[in-house]
Amino acid sequence: MSLRPLSPALYFWRNKTRALPVLGIIALSVLGVLTVALLADSMLDNGRRNFVGPTAAYSRLYARKNSLDPNIAAHLRHHPDVDRVLPALTASVRVFTLMGGDGNPVLGLASGDMDYFLATAGLQLVEGRLPTGSRREVALHDTTLRNKGLQIGDVVGKDLDRMEYLPAKFTVVGRLIGPYDLGVVPQSALREIYGIRGDSNLLVFPRPGRAAALDDYLTGLDSDEVGAVTPTTANQIFHDETYHVSAMLWAINGVTIVVLSLAVGLLNNIYFMQRLGEFGILAAIGYPVRYLIQRTLMEAMVLSLTGWLLGLGLSMAAVALMREWVFAPQGIALLNLSWRTIVFTLPIPVLTGLFSLATVVRRLGRLDPVSIVERRD
């Protein structure tokens, strides 16, 4: 007569006080790992979006020393791959990010170039107006305004806050929205503040379908005198600047996963030692050791997967709350949970199950049900 299989969830259903601590540890582990991974991915995504993203619309040439040779702009305006060349000066506004203070770019453009720049870069004025003439006015992206708590009519600049990056003092006259956190100011205002006459930056817009060819050409201009920020160079620069930070964060998460999985496995081993009598009786009434090992593995995996799913639910709720109440009011974009991030936590239930099984298989293989029943083991 064959014995009826026992449900792998039966023990934990009847001993909830032993299952809940393990479930809690696994769920909190998933929550912690996912939160750190999501914050790291969001930080890198924000940086990539603002540094690499604009190169989809235009490339930038900049002078490594003083100003650019005027012949470069004249030549580019007649290049077959170039749609338009805009002289620009650069500044930035200090914002608070996931990794501390950083600068969102502000471009000094001629008044007649602003409409073309916004339309081509995918930016849109939704409130107020664009800066005009040589007035010290600025139009900032909506996320920058929210991050700094600014509104139309407020004033921002180093004259008011010595920690600010934007020089002098500018009045906010416009709110922009779009894919990149960019702002615009009158070029003449920055020239007056900086005391420069030449062009230090050129924004180069490709003709339709000629972006790749222009990328190759501008990349070839990169030298000791001229720097080029194109889709190719921007991606390379961003990778070089963030590689070690990204590797460090993922390494920390990897170590965390292993340590927590080992801790849960050891906790399961303690529970197993308290159940030797149960396994001895099952072996004594006819359940083979192979089945007991299989049941132990199933118990570990059921518990681990349940804790993992609970952790995913907690993570989704935590991310939604953080996005709504913490980051959105500060103008900081927080990514949604992606399959890549979720899959990164799969080692938690897998390693937990394997560690739990590894600690008990040897004992089950040497199980002596008679000694256990007689309470000599």
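A crossing of two helices is right-handed if the near helix is turned clockwise from the far one by less than a right angle. Keep that in mind for the first stop, and remember throughout that this is a predicted model.

**Stop 1: α2 and α10**

Select residues 16-51, which make up helix α2, together with residues 289-327, helix α10. Their axes come within 7 Å and cross at roughly 45 degrees. An angle between 35 and 65 degrees falls outside the parallel and perpendicular ranges, so α2 and α10 are oblique to each other. Look along the crossing and you can check its hand: for α2 and α10 it is right-handed. Now colour the contact by residue class: α2 with α10 brings together 19 nonpolar and six polar residues, with no charged ones.

**Stop 2: α2 and α8**

Keep α2 on screen and add α8, residues 231-273. Here the axes lie 10 Å apart, at an angle of about 180 degrees. Angles over 145 degrees count as roughly antiparallel, which is why α2 is described that way relative to α8. The contact of α2 with α8 holds 22 nonpolar, eight polar and three charged residues.

**Stop 3: the largest pocket**

Which residues lie closest to the centre of the largest pocket? Select Gly 47, Asn 50, Phe 51, Asp 102 and Gly 103 to find them, out of 39 that line the pocket. Its volume is about 910 Å³. Helices α2, α5 (142-148) and α8 each supply at least two lining residues, and so do strands β2 (82-97) and β3 (100-109). By class, the lining has 19 nonpolar, 15 polar and five charged residues.

**Stop 4: an aromatic pair**

There are four aromatic pairs in the structure. For one of them, select Tyr 58 and Phe 205: the ring centres are 5.3 Å apart and the planes are tilted, with 45 degrees between them. Tyr 58 sits in the loop between α2 and β1 (59-63), while Phe 205 belongs to strand β9 (residues 201-206). This pair links distant parts of the chain, 147 residues apart.

Note on methods:
Residues numbered from 1 in each chain as written. Predicted model: local features only at pLDDT ≥ 70, side-chain atom pairs only at ≥ 80, totals over all residues. Heavy atoms only, no water. Axes fitted to C-alpha atoms, helices over the stretch in contact; angles between N-to-C directions. Helix = DSSP H or I, 4+ residues; strand = E, 2+ residues; numbered from the N terminus. Parallel < 35°, antiparallel > 145°, perpendicular 65-115°, else oblique. Nonpolar A, V, L, I, M, F, W, Y, C, P; charged D, E, K, R; others polar. 1 Å grid on protein atoms, 1.4 Å probe; cavity = no way out; pocket = protein on both sides within 12 Å on 5 of 7 lines; lining within 4 Å. Points joined across faces, edges and corners; volume = space filled by probe spheres on them. Phe/Tyr/Trp six-rings, centres within 6.5 Å; stacked < 30°, edge-to-face > 60°.
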